[in-house]
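Reader: Before accepting the terms applied to this model, I should like to hear the grounds for each of them. Would you take them in turn?

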Amino acid sequence: MSIILFEDDHVSRLHPASLGRPAFAISVGSYRLFDLVADLGLPTSCVVRPHLREIHTADFPDHSHDHQALRGSRLLVNARLVPEVAALEKLRALWNKGRPCLALEKGHVVAALLSAEHRLPLLEPSADDLAGELKQFDLERIELGLSLLEYPHDIVRHHLRTLRANIEHRLATGNYEELAEGVFAAAGAQLGQHTVTDTGEGPIVLEAGARVGPHCLLSGPVHIGPGARVIEHAAIKDCVALGHTTKIGGEIEASVVEPYTNKQHHGFLGHSYLGSWINLGAGTCNSDLKNTYGNVNMDYHGERVATGRQFGGCFMGDDAKSAINTGIFTGKTVGACSMLYGFVTTNVPSFVNYARSFGQVTETPVEVMIHTQARMFARRNVSQRPCDAQLLRDMYELTRAERQMGDEPLSF
């Protein structure tokens, strides 16, 4: 009996969030899907894209693809499934029911329960192979009423919807001390003096070792991850989840910040997603509301997608950086390993120096980013491994087409 998390052929639509991590490692509502399915108490293995296999094995050594997991009773779960408590309960009910079936959402496989007689290929399956193989089985088709992430803006959309319930699940299953009404802290967490907390819309949780400086505003629901640091005079409000070892200052609203990212100085971040190892320079701000107050439309590689929402910020890939006083316009994506300067008025490809307001958009050599990453890692006492450097090289190659302007490449 086991669980298999698998990526399907639509995971690339989550770029840049999914470029450097499997979809099941994207944080939504303070949880990653990988963490949530652990509550089912079953051995878990994962099928990821080829460029992520080495780093996934290094980061999740007990959960890499196991040929034996393809045998026996298995619950296969799409890595794009939104990690919410409701999903966990429905997956548990599906497993306990024990009847082989296939759950679909808009034609995409959400989950499948297989018995030992349903044989999957023993070779390393690709996303297309595995999803396609599941559809070939003669299984009962069911609907679970669960959601899949389709585009980057869905991360924030579902984050706003699920954060409160997910935090309440944490409180029900964890060990926290209530410091004030609706404010809960794990061991070693610190709440600064003269901090104002508002839990009328949801609880505030500080995980182990998290520190909030003095004179801050925390308006729930808010989740502050292990070892995270909130700088003095910061305003963290209205559905914010901070990953572990982040450093956050200024004003941040309705956003997801992955581990090891710095937004330490004054500036506004709203309705946005930041990957890992990002650094936002002092005064960096994003817009999350159009001057017309209309709904935000996104442009994903030439595909215009209506979000149906009035607020939409920026969606930044891992290892991106911004200079001081950078201004990011509404509803923009910023590729991994890019450097931002001035006004960001368009989407930004991966691995570029973006200074469009100064007439310059040039490619960033991958070796520069590898050296930059090593120096940033060292500041957090993290050693850069060969697989970290190789992932950047693979990401560079995978995003080469992004850096084409018409028929001509970006100039140096």
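Author: Certainly. The model is a predicted one. In it, the axes of helix 6 (residues 366–379) and helix 7 (residues 386–398) come within 10 Å and cross at roughly 145°.

Reader: What makes this a contact between helix 6 and helix 7, and which residues meet?

Author: Contact means heavy atoms within 4.5 Å. Val366, Glu367, Met369, Ile370, Gln373 and Phe377 of helix 6 meet Asp388, Ala389, Leu392, Arg393 and Tyr396 of helix 7. By class, this contact has seven nonpolar, one polar and three charged residues. The crossing of the two helices is right-handed.

Reader: What is notable about phi of Asn381, and where does the residue lie?

Author: Asn381 is placed in the loop between helix 6 and helix 7. Its phi is positive, about 60°, although Asn381 is not a glycine. Most residues other than glycine have a negative phi. Tyr260, in the loop between strand 20 (256–257) and strand 21 (262–263), likewise has a positive phi, near 70°.

Reader: Why is the peptide bond from His15 to Pro16 called cis?

Author: The ground is the omega angle, which is near 10° for this bond. Pro16 lies in the loop between strand 1 (2–6) and helix 1 (33–37). A cis peptide bond also joins Gly220 and Pro221, with omega about 0°. The loop that holds Pro221 runs between strand 13 (217–219) and strand 14 (222–224). Most peptide bonds are trans.

Reader: What makes the space lined by His153 and Phe315, among others, a cavity?

Author: A cavity is a set of points where a 1.4 Å probe fits but cannot get out. The structure holds one cavity of 30 Å³ or more, and the largest cavity has a volume of about 60 Å³. Its lining comprises His153, Val156, Arg157, Leu160, His271, Thr307, Arg309, Phe311, Gly312 and Phe315.

Reader: Which helix gives the most to that lining, and how do the lining residues divide by class?

Author: Helix 5 (residues 152–173) gives the most, with four residues. The lining divides into four nonpolar, four polar and two charged residues.

Reader: Finally, how do you know how compact the chain is?

Author: The chain has seven helices and 37 strands. Its radius of gyration is 21 Å, close to the 22 Å that the globule rule gives for 412 residues, so the chain is as compact as a globular protein of that length. Along its principal axes, the C-alpha trace spans about 60 × 60 × 45 Å.

Technical notes:
Residues are numbered from 1 along each chain as its sequence is written. This is a predicted model: local features need pLDDT of at least 70, side-chain atom pairs count only at pLDDT 80 or more; totals for chains, interfaces and linings use all residues. Side-chain values use heavy atoms; hydrogens and water are left out. On a 1 Å grid over the protein atoms alone, a cavity is a set of points where a 1.4 Å probe fits but cannot get out, and a pocket is an open set with protein on both sides within 12 Å along at least five of seven lines; lining residues have an atom within 4 Å of a point. Grid points are joined across faces, edges and corners, and a volume is the space filled by probe spheres set on the points. Ala, Val, Leu, Ile, Met, Phe, Trp, Tyr, Cys and Pro count as nonpolar, Asp, Glu, Lys and Arg as charged, and the others, Gly among them, as polar. Axes are lines fitted to C-alpha atoms, for helices over the stretch in contact, and angles run from 0 to 180 degrees between N-to-C directions. A crossing is left-handed if the near helix is turned anticlockwise from the far one by less than a right angle, and right-handed if clockwise. The radius of gyration is taken over C-alpha atoms; the globule rule is 2.2 Å times the number of residues to the power 0.38.
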